[in-house]
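Me: Please pick one part of this protein and take a close look at it. I am in my first year, and I would like each term explained when it comes up.

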Amino acid sequence: MKLSMKIWLCSIAVMAVAFGIGGYFFVNDVFEASMERETKQAMDESSILRFAFETAALNAPSKYGILSDSAVEKIGYNLEKSGQDTLRHLRLSDEERQVLYASGDFGADGDLLLDVGEESRAYRVIALEGRYYVQTGTMVPTLDRRLYLETLRDVTEVYEERTRGFAVYRTLMLLILVISSVFLFFISSWLTRPIRFLTQAAKKMTDGDYSCRARQVSRDEMGQLTRDFNRMAGVLEETIHNLEEEVRAREDFIAAFSHELKTPLTAVIGYADLLRSRKLDEEKHFLSANYIYTEGKRLEAMSLRLLDIIVTKRYAIEPQETDVEDLFSYLRDMYGEHGENPFVFRYEPGHIRGEANLLKSVLLNLADNACKASSPGDPVEVLGECREEGYWFAVRDQGVGIAPEELKKITEAFYMVDKSRSRSRNGAGLGLALCVEVLKLHESRLEIESRPGEGSCFSFLIPFEEVKAE
Ligand code: ADP
């Protein structure tokens with residue numbers, strides 16, 4: 001059953017119980033008040049009749065101050081008729097509670113008189129032939145006798161009023177419940193609106209639409225829940241997006257890796273087959289063997305690079321204080337004098353905290369790429385600057401440059417802008433991927449600025465915490 005239905009039904013049930021109990025007490029209270037009034041009037045009437053009886057008894061002709069039964073009967077008769085427009089219901093009994101006079105329809109038994117004493121009066125409510133009466137009893141000491149006077153007051157109307165009250169209240173309650181159930185239905189479905197929106201959003205997300213968000217329609221706890229749900233959905237979407245990216249990157253990596261393996265292996269197998277199946281002249285024999293050797297070397301270099309990347313990814317560096325001079329002098333030894341491109345080194349002295357061997361391999365890769373991209377004779381600059389946030393390294397060339405759309409991709413493993421050119425220079429598209437991993441370990445990242453035909457600048461900053469300037 002829907003929550004809105006449950007709220008609706010519970011509200012109606014609570015209202016019905018509350019109205020039922022409230023109505024019962026209300027009608028009963030009115031009844032009790034009426035009964036109290038009627039009882040009081042019955043008792044007043046009893047007092048008046050008693051007084052009237054006493055007066056009449058004193059005025060009745062009596063012998064030696066004795067009140068005879070016939071005199072009592074007569075007084076009783078007179079009192080019964082003394083009511084203005086209705087008959088009075090009364091009964092007079094002697095000391096033995098034997099009836100001396102009774103109105104024609106006085107049907108009540110005389111048990112009430114057992115509770116009546118000289119000073120005390122009694123009353124009770126009785127039902128006689130479908131009608132209700134307040135029966136009162138009192139003692140009337142007159143002359144030499146102690147007589148009993150009983151009266152009956154008809155209160156059937158009060159009982160009928162109570163029955164009518166219950167009937168009216170029942171009808172009213174049903175009417176109110178019907179009208180309010182219509183309102184309650186709308187209120188409960190309005191209150192559960194945020195839950196409906198949340199459910200819809202959750203369903204859409206289950207179907208794969210992670211960008212879907214629940215509509216926030218209130219600022220209460222439900223609004224807070226919607227906000228939290230949307231925040232959670234945002235995190236989930238981002239995480240799933242990252243995971244998808246990672247899976248895609250891995251698939252690309254595997255595809256590129258198998259492709260990079262396949263190309264040289266096909267050539268190696270082809271040349272090896274040629275060597276073993278035919279007798280070649282000396283020059284062709286050398287060329288074939290040389291091809292197998294160079295491709296083999298390339299494969300070896302590639303597998304070593306791959307190994308480096310995998311190891312670096314799982315590596316935690318132990319940073320040591322390193323003099324930047326060591327890094328630059330290493331590069332100077334590698335590229336300074338020999339080589340096709342003149343190298344210019346411009347740097348400020350300083351110290352960094354990092355792993356020198358890894359940083360050397362980054363600089364070496366960048367310098368190597370700069371040479372590969374440049375024509376013989378083009379200068380390559382290696383720069384070092386001590387900045388406020390850290391120590392900044394850059395390798396700048398005036399080579400072929402990189403198109404803007406390629407910039408993002410060149411750091412992916414196996415990505416080469418010009419594949420044949422890179423392969424001919426022993427490249428496999430792994431150098432920059434390795435640089436990125438090493439720089440991540442140093443909490444740094446590779447910045448690339450490049451213009452096609454004008455050259456490129458690859459730079460990175462070993463951050464402040466890792467730096468100690470001289
Ligand atoms: P590779 O082993 O092919 O050099 P890298 O990951 O080092 O692999 O470089 C990826 C690609 O980025 C290279 O194939 C090259 O096309 C491009 N590239 C890298 N450095 C430069 C540069 N300085 N100038 C122009 N292109 C570059």
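The reply below goes through one sheet, strand by strand, and then turns to some loop residues.

Reply: This is a predicted model, in which local features need pLDDT of at least 70 and side-chain atom pairs count only at pLDDT 80 or more, while totals for chains, interfaces and linings use all residues. Residues are numbered from 1 along each chain as its sequence is written, and side-chain values use heavy atoms, with hydrogens and water left out.

The part chosen is an open sheet of five strands, in the order E7-E9-E10-E12-E11. Strands (E, at least two residues) and helices (H or I, at least four residues) are DSSP runs, numbered from the N terminus. Pairing in this sheet is mixed; two strands pair if DSSP finds at least two bridges between them. At the edges are strand E7 (343-347) and strand E11 (447-451), each of which pairs on one side only. On average, neighbouring strands of the sheet are turned by 10 degrees against each other, direction ignored. Such angles are taken between axes, which are lines fitted to C-alpha atoms (for helices, over the stretch in contact), and they run from 0 to 180 degrees between N-to-C directions.

Two of the pairings can be followed in detail. Strand E10 (residues 390-397) and strand E12 (residues 455-463) run antiparallel and are joined by seven bridges. Within this pair, Val395 has Phe458 of E12 as its bridge partner. E12 also pairs with E11, again in the antiparallel sense, over five bridges. Here Glu449 stands opposite Cys457 of E12. E11 and E12 form a hairpin with three residues between the strands, and in this hairpin Gly453 takes a positive phi near 85 degrees.

What lies between helix H7 (324-335) and the edge strand E7? Asn341 is in the loop there. Asn341 counts as buried because its relative accessibility is 5%. Buried means under 20% relative accessible area, exposed means over 50%, and partly exposed is in between, with a 1.4 Å probe and protein chains only. The side chain of Asn341 has two polar contacts to describe. A polar contact is a pair of N or O atoms within 3.5 Å; within protein, one must be able to donate a hydrogen and the other to accept it, and residues adjacent in sequence count only if both atoms are side-chain atoms. One contact of Asn341 is with the backbone oxygen of Ser375, at 2.9 Å. The other is with the backbone oxygen of Asp378, which lies 2.9 Å from a polar atom of the Asn341 side chain.

The hairpin glycine raises the matter of phi in other loops. Most residues other than glycine have a negative phi. Phe414 is not a glycine, yet its phi is positive, near 70 degrees. Phe414 is found in the loop between helix H9 (404-407) and helix H10 (419-424), and it counts as buried because its relative accessibility is 3%. Arg97, also not a glycine, has a positive phi of about 65 degrees. Arg97 sits in the loop between strand E1 (89-93) and strand E2 (99-102). With a relative accessible area of 34%, Arg97 is partly exposed.

To go back to the sheet: E12 is joined to E10 by seven bridges and to the edge strand E11 by five.
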